Amino acid sequence: MNGAPKFSKIELLIKSGDSTNNIEYRDCGMVITGNYIIIVGYEGDSKAKISSTGTIYNISEIVKYKTQNY
């Protein structure tokens, strides 16, 4: 996703019924727009990004998120 901030690691704490799940993504982009968080993972080497896969979460499902760059 052009223009999306890229992070080394993103951690999401997601509500699932009465429990919560921790989900981690590495080397990906994240955009918060409207009621959604979109996580975009890139496939390919560091020079040629050949494709990307996005996961969309409703903001009401997210308890918290943490981003890291290292």
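What follows is a conversation about the strands, core and salt bridges of a predicted model.

Reader: Before we start, what kind of model is this, and how are the residues numbered?

Author: This is a predicted model, in which local features need pLDDT of at least 70 and side-chain atom pairs count only at pLDDT 80 or more, while totals for chains, interfaces and linings use all residues. Residues are numbered from 1 along each chain as its sequence is written, and side-chain values use heavy atoms, with hydrogens and water left out.

Reader: Fine. How many helices and strands does the protein chain have?

Author: The protein chain has zero helices and five strands, and along the sequence the pattern reads β-β-β-β-β. Helices (H or I, at least four residues) and strands (E, at least two) are DSSP runs, numbered from the N terminus.

Reader: Which way do β1 and β2 run, and how many bridges join them?

Author: They run antiparallel and are joined by ten bridges, where two strands pair if DSSP finds at least two bridges between them. The two form a hairpin with two residues between them, and G17 in the turn has a positive phi of about 65°. As one example of the pairing, K15 stands opposite T20 in β2.

Reader: And how many bridges does β1 have with β5?

Author: There are six bridges between β1 and β5 (residues 62–68), again in the antiparallel sense. Within that pairing, L12 has Y65 in β5 as its bridge partner.

Reader: Switching to the interior: which residues make up the largest nonpolar core?

Author: That core has eleven residues, namely F7, I10, L12, I14, Y25, C28, M30, I37, I39, Y57 and I62. At least two residues of this core come from each of β1, β2 (19–33) and β3 (36–44), and β1 gives the largest share, four residues. A nonpolar core here is a set of buried Ala, Val, Leu, Ile, Met, Phe, Trp, Tyr and Cys residues joined through side-chain atoms within 4.5 Å. Buried means under 20% relative accessible area, exposed means over 50%, and partly exposed lies in between, with a 1.4 Å probe and protein chains only.

Reader: Why would such residues gather like that, in general?

Author: In soluble globular proteins, nonpolar side chains tend to be buried together.

Reader: Take I10, then; what is it in contact with?

Author: Leaving aside neighbours within four places in sequence, I10 is in contact with I23, E24, Y25, C28, G29, M30, I39, K66 and T67, contact meaning heavy atoms within 4.5 Å.

Reader: Now S8, is it buried or exposed?

Author: S8, which sits in strand β1 (residues 6–16), is buried because its relative accessible area is 11%. Setting aside neighbours within four places in sequence, its contacts are Y25, R26, D27, Q68, N69 and Y70. A polar atom of the S8 side chain lies 3.0 Å from the backbone nitrogen of Y70.

Reader: How many salt bridges does the structure hold?

Author: It holds three, a salt bridge being a side-chain nitrogen of Lys or Arg within 4 Å of a carboxyl oxygen of Asp or Glu. E11 pairs with K9, with the closest N and O atoms 3.8 Å apart; K9 also meets E24 at 3.7 Å, N to O. That second pair links distant parts of the chain, since K9 is in strand β1 and E24 in strand β2, 15 residues apart. The third joins the side chains of R26 and E24 at 3.5 Å, N to O, and K9, E11, E24 and R26 are thus named as linked in a network of salt bridges.

Reader: Which accessibility class does each of K9, E11, E24 and R26 fall in?

Author: K9 counts as buried because its relative accessibility is 12%, and E11 counts as buried at 17%. E24 counts as partly exposed at 40% relative accessibility, and R26 is partly exposed with a relative accessible area of 48%.

Reader: Where does E61 sit, and what does it contact?

Author: E61 is in the loop between β4 (49–58) and β5, and it counts as partly exposed because its relative accessibility is 32%. Apart from neighbours within four places in sequence, E61 is in contact with L13, I14 and K15. E61 and G17 are 44 residues apart in sequence, and their C-alpha atoms are 9.8 Å apart in space.

Reader: Last one: what share of the residues counts as buried?

Author: Of the 70 residues of the protein chain, 26% count as buried.

Technical notes
A polar contact is a pair of N or O atoms within 3.5 Å; within protein, one must be able to donate a hydrogen and the other to accept it, and residues adjacent in sequence count only if both atoms are side-chain atoms.
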